[in-house]
Amino acid sequence: MNLIPGNLYKFPYINGHTRDLNRKMVMYIGEDHIHRDDGVVIENFRIQVIGEDRIRLCDNRMRYHLKELSWDGDVYVNHHLGEWTSK
């Protein structure tokens with residue numbers, strides 16, 4: 001999925017180890033890769049959970065769990081899960 005900075009996404013329930021992200025609406029901030037001295041690039045990205053002050057660093061594998069939300073004029077619609085999420 002091509003994530004767009006500033007767009008809203010939602011994590012579904014992933015597992016018990018990700019309880020702080022399960023079912024949370026987030027804003028995608030952008031890519032934040034780590035370039036190690038040995039030439040290896042660790043692909044990460046940054047998000048902000050709606051309602052929190054901090055910006056989080058996520059492993060690239062979390063990207064595949066994100067579901068895009070779109071604005072229909074009244075509410076955010078999660079087309080993948082069929083849920084309606086209020087403003």
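Tyr 28 counts as buried, since its relative accessibility is just 2% (buried means under 20% relative accessible area, exposed over 50%, partly exposed in between, with a 1.4 Å probe and protein chains only). Tyr 9 counts as buried too, at 1%. The structure here is a predicted model, so local features need pLDDT of at least 70 and side-chain atom pairs pLDDT 80 or more, while totals for chains, interfaces and linings use all residues. Residues are numbered from 1 along each chain as its sequence is written, and side-chain values use heavy atoms, leaving out hydrogens and water.

Now for the rings. Those of Phe, Tyr and Trp (its six-membered ring) pair if their centres lie within 6.5 Å; planes under 30 degrees apart count as stacked, over 60 as edge-to-face and the rest as tilted. That rule gives two aromatic pairs. Tyr 9 meets Tyr 28 edge-to-face, at 6.4 Å centre to centre and 80° between the planes. Because Tyr 9 sits in strand β1 (residues 8–10) and Tyr 28 in strand β2 (residues 25–31), this pair ties together parts 19 residues apart in sequence. Strands (E, at least two residues) are DSSP runs, numbered from the N terminus, as are helices (H or I, at least four).

Tyr 28 also pairs with Phe 45, this time tilted, with 5.9 Å between centres and 45° between planes. Phe 45 belongs to strand β5 (residues 44–49), 17 residues from Tyr 28. Tyr 9, Tyr 28 and Phe 45 form one aromatic cluster.

Strand β5 pairs with β6 in the antiparallel sense over four bridges (strands pair if DSSP finds at least two bridges between them). Phe 45 has Cys 58 of β6 as its bridge partner.
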